[in-house]
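Me: I want the terms behind this model tested against their cut-offs. Please show the structure before we start.

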Amino acid sequence: MNRIDSIRAGELRAVARALTCVENDSGSREALIDELFPLGGRALVWGVTGAPGSGKSTLVDRLITRLRGRGSRVGVIAVDPSSPFSGGAILGDRLRMQSHAEDEGVFIRSMASRGYLGGVSGATGDAVRVLDAAGFDYIIIETIGVGQTEIEVMGLSDLVLLILVPGMGDEIQALKAGVMEIGDLFVINKSDKDEARKIRAEVDYVLDMKYAENPQDKNPVAMTAAALDQGVDDLLEAIDAYTEKLRSSGRLEKRRRDRLSAEIHRILAEKIESQVRGWLRVDERTQQWVDAILDGVHPPYRFIQKQLDSFFREAKVR
Amino acid sequence: MAKTIRILVAKPGLDGHDRGAKYIARALKDAGYEVIYTGIRQSIQAIVKTAIQEDVDFIGLSLLSGAHNELFPGVVDALKKEGAEDIIVFGGGVIPEDDIPGLKTRGVEAVFTPGTPIQDVIDFIEAQRPRIESR
Amino acid sequence: MPKKIENRQKQWEARTLKPALDAFPERKAEFSTGSWLPVNRVEVPESLSEDAYVEKLGFPGEYPFTRGVQPTMYRGRLWTMRQYAGFGTAEESNARYQYLLEQGQTGLSVAFDLPTQIGYDSDDSHSIGEVGKVGVAIDTLSDMEILFDGIPLDKVSTSMTINAPAAVLLAFYIAVGEKQGVARERLRGTIQNDILKEYIARGTYIFPPQPSLRLITHIFEYCAREVPLWNTISISGYHIREAGSTAAQEVAFTLADGIAYVKAALDAGMDVDLFAGRLSFFFNAHNDLLEEVAKFRAARRIWAKIMRDRFGARNAKSMMLRFHTQTGGSTLTAQQPDNNIVRVTLQTLAAVFGGTQSLHTNSRDEALGLPTEEAVRVALRTQQIVAHESGVTHTVDPLAGSYYVEALTDRIEEKVMEYLVKIEELGGMVEAIEKGFVQKEIQDSAYRYQREIEKRERILVGVNQYKVDAEPPREILKVNPKLREVQMKKLAGVRAQRSQTEVENALDALEKGARNPGVNLMPLILDAARAYGSLGEICGVLRRVFGEYRETVVL
Ligand SMILES: Nc1nc2c(ncn2[C@@H]2O[C@H](COP(=O)(O)OP(=O)(O)O)[C@@H](O)[C@H]2O)c(=O)[nH]1
Ligand SMILES: [Mg+2]
């Protein structure tokens with residue numbers, strides 16, 4: 001079997017290797033993604049975001065159990081931060097999901113952010129492609145959970161669960177600051193705690209204000225106690241209903257098209273940049289340029305424009 | 001750029017003494033590796049499946065209960081069965097000198113006993129780098 | 001500080017100290033204890049007024065018990081010498097106990113293997129490789145009968161290191177007593193029964209915190225009524241220290257656990273003086289001798305205050321922190337193992353100066369594996385030499401009044417109180433554990449310690465300095481690798497002989513009881529034990545009802 005067939009058959013090793021290939025951005029990445037692309041598009045992709053310790057991993061673990069109960073296959077990408085000092089990382093999300101470690105229908109992959117900002121890693125999008133092609137029905141992305149910058153996960157998922165928990169102190173602040181723009185569904189986890197009801201009231205209040213005109217568009221809110229496995233069935237029901245709504249209203253389709261257009265822009269920018277950089281030998285010449293600009297010989301914009309002009313004039317575009 | 005090495009630090013068996021495993025996990029992170037840590041009481045199957053899904057280059061096993069002669073080679077054998085014998089297995093913990101040669105012949109490539117400086121572990125990992133990068 | 005002393009100190013600093021320092025700088029810029037508490041060059045008497053003495057130290061056997069829990073301490077009775085032992089089958093462990101009793105040991109301490117500690121039978125697949133390894137394998141009452149064969153339970157006190165399934169092993173013990181004709185009112189001993197430190201440091205948990213606390217409270221209630229001489233819990237700092245905590249963290253987290261148990265029992269409606277006198281503690285003894293002594297003294301003082309002022313205990317017994325000590329396993333080195341005898345001696349002194357009620361001394365070869373009989377004997381002899389030859393037992397709390405020890409006692413108390421306040425802010429100990437706070441604090445200390453060794457900022461003799469090239473091979477005890485099969489055969493035999501309906505009825509009754517929070521489970525577990533229900537079967541029922549705990553890891 002060749003590499004693509006093995007991935008398509010969901011063979012563990014092949015899928016894992018493909019994920020490494022996209023993660024390390026090794027030479028064959030582009031070809032791999034191109035070949036996998038037509039095989040995908042079937043999986044539903046969920047993003048799960050929320051502050052560290054809010055219970056993302058615990059909830060994902062519980063959701064996996066439910067999805068497996070329906071006979072669906074589940075892929076998980078769990079992102080943790082890389083150390084800015086050593087570049088190393090400790091990837092601990094899957095610890096909470098280890099009860100599924102031996103289940104062939106579940107594939108969990110931990111990824112380090114490797115310096116990428118936005119709560120995911122640079123390769124997360126491609127990793128989703130791989131798991132999609134491997135036939136997983138659901139793909140769940142667990143973000144690092146640092147807050148507002150996690151907007152990125154919206155662009156990778158069909159829907160996003162935003163987890164809020166009691167006892168974070170600054171809830172209202174967070175709500176005002178626009179974190180709630182990220183989520184499609186709001187999950188108030190740790191509902192076993194007394195203050196959970198308070199958060200619920202705050203979330204309802206914010207949503208009532210926001211959707212005073214069109215209350216039917218209000219985001220669904222669920223209460224869970226993931227650690228105690230409570231409220232998860234209701235959450236899943238809410239997700240299903242929401243998904244159905246996305247689908248029937250055409251928003252799912254639109255979201256996926258939007259995702260692809262963002263992807264196209266990204267690829268375009270990446271390719272232009274790498275080709276221009278290569279041709280101009282930017283890496284080796286940067287210091288020279290800095291000197292030239294510092295010496296006052298050239299102003300920065302005009303200088304760079306000149307370089308680009310030379311590229312477009314002389315480079316034989318491949 | 002050199003490949004980022006990924007290591008699964010795992011505790012098979014039932015003992016809960018994870019001081020050593022956590023130290024190793026943290027020290028390897030500080031040395032620039034990506035470390036997957038899965039907590040105590042992991043079955044052999046769970047360790048092997050995890051290692052494969054995470055596509056790690058190494059599995060570091062830590063055990064203090066004395067069950068190493070059964071469990072360490074158990075992991076090596078299970079990797080073979082899954083066609084993943086290229087994943088390098090090393091171990092640590094309270095392991096009598098006498099047991100080390102036997103573990104090595106059964107595929108545990110290095111055994112680190114208490115008091116081993118972390119640099120020895122790092123040196124071992126780096127010494128395998130060519131093997132890993134040529135895969 | 002009294003004026004006269006202060007003036008004299010200034011004079012000394014200028015006249016004597018300065019020239020000396022100029023000529024010979026000290027070895028380090030700053031000195032600290034093994035747990036990083038700052039150490040002054042010379043301690044001088046605080047102005048310890050008469051009032052302060054009475055308030056902070058008092059007299060032994062009286063509040064706040066800083067100087068000890070008994071008025072005469074070792075002049076009255078030496079500590080109990082209790083070597084933790086157990087391996088392989090019940091038969092082999094029984095032989096080791098008989099040997100230890102012959103050698104003059106005064107109490108038994110049972111080590112169970114890991115499957116037993118986690119509530120799995122020997123034939124469970126989780127038990128592969130682990131049966132009989134770190135302790136004795138007990139599957140049913142039948143194994144327990146063999147374990148204590150020829151040992152009259154009214155003549156010994158038995159300590160059992162068992163936590164999550166403590167109720168089951170206590171039931172087995174009571175049932176053995178019944179067979180020997182010893183009434184449960186006369187049984188003496190201790191079960192560890194301290195689940196919180198399992199979540200923090202030791203890892204042999206089964207159920208989540210709430211049902212676990214419920215089981216513990218059941219044991220308190222049941223024993224107060226039925227087994228009045230039994231120590232129902234041994235709240236353990238030992239493993240917290242082994243996991244790498246500092247001395248102050250050891251005390252802080254142990255007392256915080258204790259507070260959680262007291263709260264749970266009070267919430268269940270018990271009167272504090274009814275159970276608090278049966279609470280006991282278990283600490284580690286490390287090499288920093290004087291810091292350890294200060295640690296034990298501070299722990300006693302803090303606990304007395306908490307019990308009296310916070311929980312309103314009236315009975316002096318309820319305020320006394322009685323404790324067992326074990327020398328620090330993690331301080332032993334596999335390199336040059338004979339050096340461990342010296343370490344254990346220092347630690348023994350720490351425990352005795354600290355006023356321990358009982359002591360286990362580690363064997364020199366424990367960093368290599370299970371101890372041999374000869375090594376166990378040397379360890380026991382170490383205690384006996386300190387007890388009978390050193391003379392430190394002749395007076396109570398011999399280090400009291402040492403400027404340094406008193407200052408250190410105060411410093412540790414301060415640190416501990418800071419932690420206790422912090423833990424209350426987090427919502428109590430169970431919360432603090434579930435959030436990973438406690439584990440993280442310990443890990444950070446462990447990491448710091450290990451780094452210091454790696455960088456040789458801390459010297460470990462034989463490990464990072466004074467090494468020898470070739471270590472001679474050592475004899476160590478090997479456990480029969482076929483043990484699991486032996487044990488499985490025995491278990492199958494018991495299953496074949498017992499009345500199956502009796503077992504099933506008992507397990508059904510247990511399951512019903514477990515679903516009803518109002519029912520004390522001890523009598524139901526005892527029924528199942530008498531019917532030769534296995535440990536795994538009994539715990540299996542509880543697993544189904546209570547669920548299983550999953551660890552919180554913060555790295
Ligand atoms: N009380 C309570 N604790 C929870 C709940 N869900 C998760 N936790 C705990 O919160 C901590 C962090 O959970 P985790 O899933 O690792 O959070 P993440 O960092 O967002 O992935 C763990 O100790 C969980 O046991 C819940 O519903 N109630
Ligand atoms: Mg997580």
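The questions below set values against definitions.

Reply: This is a predicted model, in which local features need pLDDT of at least 70, side-chain atom pairs count only at pLDDT 80 or more, and totals for chains, interfaces and linings use all residues. Residues are numbered from 1 along each chain as its sequence is written, chains are lettered from A and ligands numbered from 1 in the order in which they are written, and side-chain values use heavy atoms, with hydrogens and water left out.

Me: What makes a residue part of the surroundings of ligand 1?
Reply: One of its heavy atoms must lie within 4 Å of the ligand. For ligand 1, 19 residues surround it. Among the closest are A:Lys56, A:Asp192 and C:Glu434. Ligand 1 lies between chains A and C.

Me: How do you know which contacts of ligand 1 are polar?
Reply: A polar contact is a pair of N or O atoms within 3.5 Å; within protein, one must be able to donate a hydrogen and the other to accept it, and residues adjacent in sequence count only if both atoms are side-chain atoms. A polar side-chain atom of A:Glu142 lies 3.1 Å from an oxygen atom of ligand 1. A side-chain N or O atom of A:Asn189 is 3.1 Å from a nitrogen atom of the ligand. For A:Ala227, a backbone N or O atom lies 3.4 Å from a ligand oxygen. Taken alone, ligand 1 exposes 580 Å² (Shrake-Rupley method, 1.4 Å probe). The protein buries 86% of that.

Me: What makes a protein atom a donor of the magnesium ion (ligand 2)?
Reply: Donors are N, O and S atoms within 2.8 Å of the metal (3.2 Å for Na, K and Ca). A:Ser57 (OG), A:Asp93 (OD) and A:Glu142 (OE) lie 2.1 to 2.2 Å from the ion, and they are its protein donors. Water is not among the atoms, so the site may look incomplete. A:Ser57 lies in helix H4 and A:Glu142 in strand E5 (residues 138-142), both of chain A, so the pair ties together parts 85 residues apart in sequence. Helices (H or I, at least four residues) and strands (E, at least two) are DSSP runs, numbered from the N terminus.

Me: Why is C:Phe253 called buried?
Reply: Buried means under 20% relative accessible area, exposed over 50%, partly exposed in between (1.4 Å probe, protein chains only). C:Phe253 is at 0%, so it counts as buried. C:Phe253 sits in helix H10 (residues 247-267) of chain C. A:Ser57 and A:Glu142 are both buried too.
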